[in-house]
Every structure is written in C-alpha cells, then in structure tokens.
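Open the model in your viewer and keep the selection box ready. We will go stop by stop.

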Amino acid sequence: MSTLRALAAAQAVATGVAQPVATVRHLHLSRRPLVLVPLAMAGEANAPLAAMVGSAPGEGRLLIVPQPRNRDQRFAFAAELATIVLPYVDAHRTANEAVAVDRGRDVRYRYLDAPQLLVPNPAGVTFLRLLGRSTRFRRVDGEYPVPPQVPLLGRWLTFFAERAEHPGSSALMAMTQALTLHWATGQSAVEDLHLPALLGWIAPPTGLSGAEAAARAEDPSICPPAGPATDPGFDNRLLAPAIEAYAAAGTDEATRVEAYAELERLLRDQLTPTWELMWRGLGLLRALPPGTRVAGRWDGDRDAFTAHADHLDSDGAPQPRRDGAVAAAARLHRLERAAATYAVQRAYDDPLVMAEYRLTGEAFVGEVLLADPTRVDDSGRRPVLRPRIQLMTTDPVLVPVGATLSSPSRPGQKARLVFLTPTADSKTEVVLELSGGMGRGLTANPGSVPEVGERLCYTTLSDAYVPGAAFPAVEETPWTHGGPPATAAAAPDEEWA
C-alpha cells in the first residue's frame, strides 16, 4: 500500500466514508456494457450454476443449470450464454475506420467501438477464463458434439480474459478493482473484494457509517455474496434441497416444472442484489470525468478486438492451452511495457496519482520565477534553441543534475536539469533547459515555453514511445527453452474443467 493510499484509508476510518484517491476516471466505460454476474457450484471446479447477464438494468436475463454435475446441461448453459454474448459482440462490428500507419504511407482498419464485459470481482474474471478454456476446444461433430456457438463463445471469453491481464485495458473489468482504483476504504484489500461491503464504504446509506454499512452488507441474508462462490448456509439450507427435488422429479413434467421454478426463484434472489449493485457502481464511475489518456488505451482495446475478429473470420485456430517459449517471453514483455506505460499515463492524467511520485522525489511542482525563451545554444555545429526557466519548489527533488525530465502539461518537450540550489527556507531553486516541442526555428512557438508565474510539474516519468524487444523466430527457440517446437498435433477435446 502506498503512502497516500494508507493516509486515505486512515481518513476513511476517521470520517466513516471512503476517500477518493483519483480525480479522474482511469478506465473507459462503454455506453452499453454487458454485465455478467456468475455463480458456480461449491465443491466443483468452475461448474456453472447460474448467471445473470444483460446490457441494461432492467434487461437482466437469468440462466441456470438445474444439475451442475450434468455435462449436457453445462454445455446447454454455455450455448444459451452464447446466444447473449455473441450477438452483443457482433453488434460492435458494424462499422470501422481507417488508421494511418507507417507514417501515413499505409492504412489499416479497426472497428469504431469494442464490446465491454463487467463482472463483480476478479473471481468472476477467473470464472470466464476457465469457462473459455473448457469450451473453445469442443467439437461440433463426432462424439459428444456441442452447438456451433459454444467453441466460438470459448474463444471470445478467452480473448476477454487475456485482455483483462493487460494493464490499462477496459475490455473485461472487475467492478471491485475498478472502484478501488478510485477510492480507498477503511477495510483490508481482501474485504474490498466483497462488492456489497465496498459500496457500503463508498456510498453508505443515510445514517450509517462506511464501517456499519460494510458490516451490514456482509450478512448473507441481507446481501448475498457477489459470486461466483455462493454462501455455504444458502447451499445447505436451500440450494441442495432444491437441486435434489429437481432430480427426484424424474419424468413427471408437472413436478419437474415446479421444482425448476423454485430453483430459479432461489437463484434469482441470490443474484439480483449483486446485479443491482453492479449498476450502482457503474453510476459512481460514470460520475468521474475520464482521464485524457483513457481514450488512447481504449483504442488499444479496439485494435485487439479487430485483430481477434479478423482472426476468427479467417477460420483461425483457438488460442493454445499454453504459450511456447518465444510467445510467452513476448507476451510477458508486452505486459511489462503496458504496465509501465499505464503507470506513467495515470500519473500524467491525475494530480493525486502524481503526488505519490512527488513524495518519493521523482516529481516536483514549482512556480516559474524566471524564463529566457530566446536563449540559443551555439556551442555545437549549428545553433539550436534551448530556452531556460527557473522554478521554486517546496517538494523534495532527488533527481541528479543532468537528468531528463518531462511535464504532463507539455509531454512533447524535454527538460534537462541544469542547476539545483537549496535555499535557507527549505525550498529549492531548479534551473531547467528545454528542448523539443517549440517548433523548428530559433524562435519558440507562442505558448511553448512556460511563462513567469506558471505552476508546473516535472517528473522523470516519460510517456515517450519505447520500441519493443526483438525475439527469435519460433523455429529458432534456443535450446535453453526447449529447442525448436515439434509439429503440433491437433488438440483433442478438453473435458469441462
């Protein structure tokens, strides 16, 4: 836990309500996201029990599996889920736009929008990942065939689960993670995974503190768990007898319909509170203005969505069970670069996030005291424009002389630290030499050089593009990582896991 987040948590305890740790929203929110609240059967590896899914508060559709241990009913559930998810995905493939590449010498196309899935917590993301793994390899003919939409659903769920691992992606989001990214509560990180308790801290009912609202929300009789796990008391007292009654009905149609209706009622009562809380949390997030760089990260989601859709249209194979050595290294490299870029972009967008770096000396905020916008450096082969500015700051500056800094207000401009002079009143005078972002001549463009009195932030964090690393071809996998791969055989059917 960072210093400022720990302080915010302490303030939440003192005031009885969650404290904001962001001034803008760092996630993209679709105009019509698909909310999915899953339930899994206790004691079974990702055996689906029920799900409530829909793209509007009043359009939640309940899907249930009366006998979660029945393999055919599980795949019938997957087929029914596919009739909701796949049309929602295809609705985002109606129009595309041209994007210039290779410095304008070529173009590529991507869809104007992309689908977005929301689940209550990270366990819901895991549920979808495992559901995708257990369905994307299924056969539509031969022994134990499944409906054609089932393996397609598995490939799309796997795509969403993989995007959820990508820092800054908004294609598949857990509501608890989205909320804790913007608010700090007075409870532990584990307790924050419980959506009702988390929302109790962020928006407690009138007359209750956040702690009181969270304690009330933890009572399963008032607010059931947000899934995919169910409450053990509910399992023993109500769910198990209802499933047994459905199984005992046998071929008696009237008894079977009655038992199914009772099971559906029980599961609807369990899922409806979380369904309503999902839309409540979505409203809280929508109230925050989006960060400047959120749209750029959503463009990355649209690119990934377009690429995967094109892959499926060309009859592409399902995602492999596990990556090879080169693919795994490349994927890890992409995720590390994305994590570093996401951290910088959040700091650039949000002064509260940047404050963490100010505490560590990696950033400082100061007021411009002097500015020389016409300074020219003629020590080289040709003269270049190199304005200098002097700032006064009260922040600790732990950056060495000669370091290159950037400012969120002028990200295309670099600043070299020239002088650092502590003063008697615990302040620091900083002299910076500017380069870039001022035009091509020896006269700076208007507004490109900071003016006296302007308050600026400078940091070692850089939002500049960093090229990716080079990896060997798959057929040139080094012997230290298993050597060149053997010819891959056709993947056999994978049992439901």
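Which residue stands opposite A363 in β17? Select T459: that is the partner of A363. Helices (H or I, at least four residues) and strands (E, at least two) are DSSP runs, numbered from the N terminus.

A word on the model before moving on. It is predicted: local features need pLDDT of at least 70, side-chain atom pairs count only at pLDDT 80 or more, and totals for chains, interfaces and linings use all residues. Residues are numbered from 1 along each chain as its sequence is written, and side-chain values use heavy atoms, with hydrogens and water left out.

Now select β10 (residues 363–372) and β17 together. The two strands run antiparallel, joined by 5 bridges. Strands pair if DSSP finds at least two bridges between them. Keep only β17 (residues 455–459): 4 of its 5 residues are buried, meaning under 20% relative accessible area with a 1.4 Å probe, protein chains only.

Next, select M175, L179, L195 and L267. They have the most contacts inside the largest nonpolar core, which has 44 residues. Such a core is a set of buried Ala, Val, Leu, Ile, Met, Phe, Trp, Tyr and Cys residues joined through side-chain atoms within 4.5 Å. Add α9 (253–286), one of the elements that supply at least two core residues each. The largest share, 10 residues, comes from α9.

Show F77, V85, V150 and A171. They belong to a second, separate core of 41 residues.

Finally, color by pLDDT, the predictor's confidence in each residue, from 0 to 100. The protein's mean is 91. Over residues 488–492, pLDDT stays under 50.

Terms used:
Buried < 20%, exposed > 50% of the residue type's maximum accessible area, 1.4 Å probe, protein only. Contact = heavy atoms within 4.5 Å.
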